[in-house]
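Trainee: I would like a close look at one part of this model, the surroundings of a single glutamine side chain. Please start from the cysteines and then place that part among the salt bridges and domains.

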Amino acid sequence: MTDQTKIKLAQKAIVSSRRRFLQGAGAASVGLVVGFHWAPRHAMAQKAAAAEPKLINAFIRIAPDNTVTVLSKHLEMGQGTYTGLATIVAEELDADWKQMRTEGAPADVKLYANLAFGMQGTGGSTAMANSWDQLRKAGATACAMLVQAAAEDWKVPAREITVAKGVVSHASGKKATFGQLAARAATIAPPADVPLKDPAKFTLIGKDVPRLDARAKSNGTAQYTIDVKLPGQLTALLQRAPLFGATVKSFDAGKAKAVPGVVDVVQISNGVAVVAKNFWAAKLGREALEIQWDDSRAEKRSTDEVMAEYKELAKKPGLPARKEGDVDAAFVKAAKVIEASYDFPYLAHAPMEPLDCVVKLEADKVEIWAGDQFQTVDQGNAAHVLGFKPEQVKINTLYAGGSFGRRATMQSDYIVEGVEIAKAMAAKGSNSGAPVRLVWTREDDIQGGRYRPMYHHVLKAGVDDKGDIIAWQHRIVGQSIMAGTAFEQFMVKDGIDATSVEGASNLPYAIPNMSVELHTTKTGVPVLWWRSVGSTHTAFATEVFLDEIANATSQDPVALRRKLLARHPRHLGVLNLAAEKAGWGKPLPAGKVRGIAVHESFASFVAEVAEVALQPDGSWKVEKIVAAVDCGTPINPNIIRAQMESGIGYGLSATIKPGISLAKGGAVEQSNFHDYEVLRIHEMPKVEVHIVPSKEKPTGIGEPGTPPVAPAVANALMSGTKMVFRALPLPATATKSA
């Protein structure tokens, strides 16, 4: 392409700086919005700008060196999102995998809203599911624009041009890379509609393409918030109240300010912050603080006291979350009634990278660096604190070292704290505009609340003389995650928080008379979604109870489930596959036992068989998990396997390790990994993952591996010892009855 040609094309370029269009297909109820940015186009600047990367649309940027960067609206926190999203784009773009890159998209709800949430955010295992149609469209559209650019330059019909592995070609022998065509393609109006590739022709989707972030995360060049080092940057640690609900009555900052390196001490809404030139000085300064707390409205009950109240509450009917048939009448007719209750503790998220953010505040704008999971919410909350408009808040989304839901709070706790500290210092004129990094230590996070809620379940089933379940009553007691948040209006209906009963209210088993009830409690303990949310407790209660029914009626657990799932082929598919691969029904070596569980969460279906070794002294160890998963079209089987392994490890951690407890007086008893343990590497069992082939749209995979593991293990122990374990964590020893 000559310079003169470039100038002529630039003069014809569409001037609008941003375009969006709606795609109806596959958009369900919210519509599918694809935003298109257009790079600045000024004829005089065209030549100078030719070497700059070109934003072909909101999700795709192509550089002259032929690299293609996908702007990810979803946070990469270890789950493989960057690779999965890039695979979808590369497939439709017909790119070479080696040229693909990914980086976090800026905070912009108009362009990067999660289509399941209506705002920009990552969670609920939605990344692949809600990006599937959108990014296929974006990739196919970008490919069409590259082809059109080549057609105009070569003066040949676009239909005669082919694209393969990032090279655009014509039968005449003309060839060009994406990088060579990007500048011109960016000036072409996107076609209103483009055909998507026939899945039969996929070359990347369904293959184990390498992760895009593996090298950077292996060699230490991956950028996390802790890596951000701006000129003059300060470090802040916040002293929060020792009891949930307590507030600062007064404080003396004299000794803290005397610590070398401490720059200032400021009070914000959540406590008192020590700001210093480095982490160590901030830590010593915080330890020197003298604070008087007002705990008149603090939560002072222990978890034992709270659980006792839950158990009393469970004796009364709750609000109906599901009601089918006549449960009371069916119990009267039942030949046998089986009852059981199950208890679940508070759980911390415990990501490897504790919460942190960097805030650079200026007079009319603020810039934030964070492993941000809820950009729209965080942008709005930060703006509210500062009296800014959301567009005055720039968020740079970096890698996050795990989250499991912890970085997605409606209060934006760690972001708001960082902004409040920067604001307080600016008001005092003590930081001269220096950026401030807020760091939560491990202790801050373990004791800082926002846990998976504590729950108590009571189940009751009636069976007839044939062993068929004719009545099912499930009563759940626990806190609402959504109450008091902006999500309450969508997720809480008639007093029922959907996340408290998910996995129970939609139980797929064919039982003619069924009721699910909920008691929503209030405590001063902050709670939050935790990997797999409600299914972390409902799956255990329902799947262990089903095995109790199988034992009481002398039925094989798999056969019983097959009978109850006859009308649910995807549940049945994973159940049968897991059972087959685990050799269900075949004898195991002496001392080995098996248990199974099946559960649907985030529109994915998972069955897991746990193989457990029992020792003569009663100790036991999970040696193997055989899992089957149906998550729709498998975009990257390697990442699906990795996420299943991760979810199983995370769930197994909560299966055998104690949770969070409050002592008498209300103080959290755990503080770090020495007393809030997570699964150690030597405790991780061998995991075998089998993926059900599917042409359905992709669904969630980040969380569905977690719920079935605990009930599968408990059921294995039950089969070998005849003992029933109805609380998590499971005991370290299980003595086999005679």
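**Cysteines, Q79 and the links around it**

Mentor: There are zero disulfides in this predicted model. Two of the cysteines can be placed by their accessibility. C143 has a relative accessibility of 11% and therefore counts as buried. C357, at 0%, is buried as well.

Now to the glutamine. Q79 sits in the loop that runs between strand β5 (68-72) and helix α3 (81-93). Its relative accessibility is 17%, and the limit for a buried residue is under 20%, so Q79 counts as buried. The Q79 side chain makes polar contacts with the backbone at two places. It reaches the backbone oxygen of L75 at 2.9 Å. A polar atom of the Q79 side chain also lies 2.7 Å from the backbone nitrogen of M77. Leaving aside residues up to four places away in sequence, Q79 touches T122, R211, I639 and Q643.

Two of these names lead to other parts of the picture. Take R211, a contact of Q79. R211 belongs to a network of salt bridges together with E76, D213 and K217. Take next I639 and Q643, also contacts of Q79. Helix α20 covers residues 637-656, and that range takes in both positions.

Helix α20 can be checked for length. With 20 residues at 1.5 Å a residue, the helix should span 28 Å, and its end C-alpha atoms are 28 Å apart, so the two values agree. Of the 20 residues in α20, 14 are buried, so the helix is largely enclosed by the rest of the structure. At the start of α20, a side-chain oxygen of N636 comes to within 3.0 Å of the backbone nitrogen of N638.

The domain assignment puts these contacts in context. It gives domain 1 as 55-213, domain 2 as 225-297 + 355-439, and domain 3 as 326-346 + 451-721. The centres of domain 1 and domain 3, taken over C-alpha atoms, are separated by 38 Å. The contact between them takes 22 residues from domain 1 and 19 residues from domain 3. By these bounds Q79 falls within domain 1, and I639 and Q643 fall within domain 3.

Next, the salt bridges. Side chains of opposite charge can pair when their charged atoms come close. The count for this model comes to 40 salt bridges, and three pairs will serve as examples.

One of them joins R61 and E103, with the closest N and O atoms 2.9 Å apart. R61 is in strand β4 (residues 60-62) and E103 in strand β6 (residues 100-104), so the pair ties together parts that lie 42 residues apart in sequence. R61 is partly exposed, at a relative accessible area of 22%. E103 is also partly exposed, at 33%.

Another pair is D445 with R406, where the closest N and O atoms are 3.2 Å apart. This pair links distant parts of the chain, 39 residues apart: D445 is in helix α14 (residues 442-447), and R406 is in the loop between β19 (393-397) and α13 (413-428). Both D445 and R406 are buried.

A further pair is R570 and D630, whose side chains meet in a salt bridge of 2.8 Å, N to O. R570 lies in helix α19 (residues 569-582) and D630 in strand β28 (residues 620-630), so this salt bridge ties together parts that are 60 residues apart in sequence. The relative accessibility of R570 is 25%, so R570 counts as partly exposed. D630, at 5%, counts as buried.

Some backbone details remain. D94 has a positive phi of about 55° although it is not a glycine. D94 is placed in the loop between α3 and β6, and α3 is the helix that follows the loop holding Q79. With a relative accessible area of 22%, D94 is partly exposed. K165 likewise is not a glycine but has a positive phi, of about 50°. K165 lies in the loop between β7 (161-164) and β8 (167-170), and at 60% relative accessibility K165 counts as exposed. Finally, L728 and P729 are joined by a cis peptide bond, with omega about 0°. P729 is in the segment after α21 (709-721).

Technical notes
Residues numbered from 1 in each chain as written. Predicted model: local features only at pLDDT ≥ 70, side-chain atom pairs only at ≥ 80, totals over all residues. Heavy atoms only, no water. Disulfide = S-S within 2.5 Å. Buried < 20%, exposed > 50% of the residue type's maximum accessible area, 1.4 Å probe, protein only. Helix = DSSP H or I, 4+ residues; strand = E, 2+ residues; numbered from the N terminus. Polar contact = N/O pair within 3.5 Å; in protein donor to acceptor, adjacent residues only side chain to side chain. Contact = heavy atoms within 4.5 Å. Expected span 1.5 Å × (residues − 1). Salt bridge = Lys/Arg side-chain N within 4 Å of Asp/Glu carboxyl O. Domains from an automatic or database assignment.
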